[in-house]
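These are my notes from going through one model, entry by entry. I wrote down what I looked up and what came back.

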Amino acid sequence: MSNVITVPKMGTTDRGQFTVVSARHPWRWVAGIAVGAVVILLLVSAVSNPRFGWDKVALYFRDVAIVNGIGITLFLTVVCMAVGVGLGVVLAVMQLSANPVVKASASAYVTIFRGTPVLVQLLFWFNLSALYPEITFGIPGVSLDANQIITPSPQRSLAWALTRPPTCRRSSGLESSPSTKAKARRPVPSACPASRPSPG
């Protein structure tokens, strides 16, 4: 009596011959429980600490200025994300360009802004007006001076020109008639507003 042993071909396995058992990782559970316990302790400590002043936090959080600030922050976030995505697409296309100047410029821009700390960039852009108090685009007589935009001079302000009182000379109320025959004088209405007598 001969025993026949069949050897499976290479690359084929019979899953029925094996029992698949998932590996056990007890230390993962220990680490997860430890981290969760630390987080819970921190939350309980923050909530139960009276020095946080949660009642005052809730009071100021409902303030109109805080709510408006949150809205402005969300609006600026959306705008900055849109500008960042658009600028990122342009820089990515520039880096794929065959022009070495365009490619090098895009790479230098990305390297500078990614390699510079954010705090340094904030200090630089905040104090940019100390280096460039006036930004021009080469158009004579046109500038983007922040001081002139925020507080324009009265002579250059259109609103001031439209709202200023008319310049007039107050007459005595009598003017000579153009007629040479009529020697009598007639009253002429004044364009200036009538002045009120001072009390007392």
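**Aromatic pairs**

I worked from a predicted model. I searched the whole structure for aromatic pairs and got three. I then took F52 and W54: their ring centres are 5.4 Å apart and their planes are at 10 degrees, so I entered the pair as stacked. The cut-off for stacked is under 30 degrees between the planes. I looked up the exposure of both residues. F52 is partly exposed, at a relative accessible area of 44%. W54 is also partly exposed, with a relative accessible area of 44%.

Next I took Y109 and F113. The ring centres lie 4.5 Å apart and the planes are at 40 degrees, so this pair goes down as tilted. Why are Y109 and F113 separated by about one helical turn? Both are in helix α4 and they are four residues apart, which gives about one helical turn between them. For exposure, I noted Y109 as partly exposed at 33% relative accessibility. F113 comes out as partly exposed too, at 32%.

**Nonpolar patch**

I looked for a nonpolar patch on the surface and found one made of L87, Y109, I112, F113, F124, W125, L131, Y132 and I135. Together these residues have about 900 Å² of accessible area. Y109 and F113, the tilted pair above, are thus both on my list for the patch. Which element gives the largest share of the patch? It is α4, with three residues. I also checked which helices supply at least two residues each, and those are α4 (100–115) and α5 (118–126).

From the patch I picked F124 for a closer look. F124 is in helix α5. Its relative accessible area is 41%, so F124 is partly exposed. A patch residue needs over 30% relative accessible area, and F124 at 41% is over that.

**Q121**

I stayed in helix α5 and turned to Q121, which lies there. Is Q121 buried or exposed? Q121 is buried, because its relative accessible area is 18% and the limit for buried is under 20%. I then listed the contacts of Q121, leaving aside neighbours within four places in sequence: they are I112, F113 and T116. I112 and F113 are names I had already entered for the nonpolar patch.

**K103 and G88**

I looked up K103 in helix α4. K103 has a relative accessible area of 42% and is partly exposed. Apart from neighbours within four places in sequence, K103 is in contact with M94, Q95 and S97. I also took a C-alpha distance: K103 to V93 is 8.8 Å, with their positions ten residues apart in sequence.

Then I went to G88, placed in helix α3 (residues 64–95). G88 is partly exposed, with 35% relative accessible area. From the C-alpha of G88 to that of V110 I read 9.2 Å, for two residues 22 apart along the chain.

**The chain as a whole**

I counted eight helices and two strands in the chain. Starting at the N terminus, the order is α-α-α-α-α-α-α-α-β-β. How much of the chain is buried? Buried residues are 4% of the 200 residues. I looked at contacts with a separation of 6 or more, and 6% of them join residues 24 or more positions apart. The chain exposes about 19100 Å², and 68% of that comes from carbon and sulfur atoms.

**Confidence**

I left the pLDDT values for the end. The chain has an average of 75, and 60% of the residues score at least 70. Where is confidence lowest and where is it highest? The lowest mean, 46, is in strand β1 (residues 174–175), and the highest, 95, is in helix α1 (residues 26–48).

I marked two stretches. Over residues 154–161 the pLDDT stays under 50, and the model has two contacts there beyond four places in sequence. Residues 170–184 also have a pLDDT below 50, and this stretch has 18 contacts in the model beyond near neighbours in sequence. Predicted coordinates should not be read in detail where pLDDT is low. I therefore did not go into the detail of either stretch.

Methods:
Residues numbered from 1 in each chain as written. Predicted model: local features only at pLDDT ≥ 70, side-chain atom pairs only at ≥ 80, totals over all residues. Heavy atoms only, no water. Patch = residues over 30% accessible without salt bridge, like charges linked within 9 Å, V, L, I, M, F, W, Y side chains within 5 Å. Areas by Shrake-Rupley, 256 points an atom, 1.4 Å probe, with all protein chains shown as cover. Salt bridge = Lys/Arg side-chain N within 4 Å of Asp/Glu carboxyl O. Buried < 20%, exposed > 50% of the residue type's maximum accessible area, 1.4 Å probe, protein only. Contact = heavy atoms within 4.5 Å. Phe/Tyr/Trp six-rings, centres within 6.5 Å; stacked < 30°, edge-to-face > 60°. pLDDT = per-residue confidence, 0-100.
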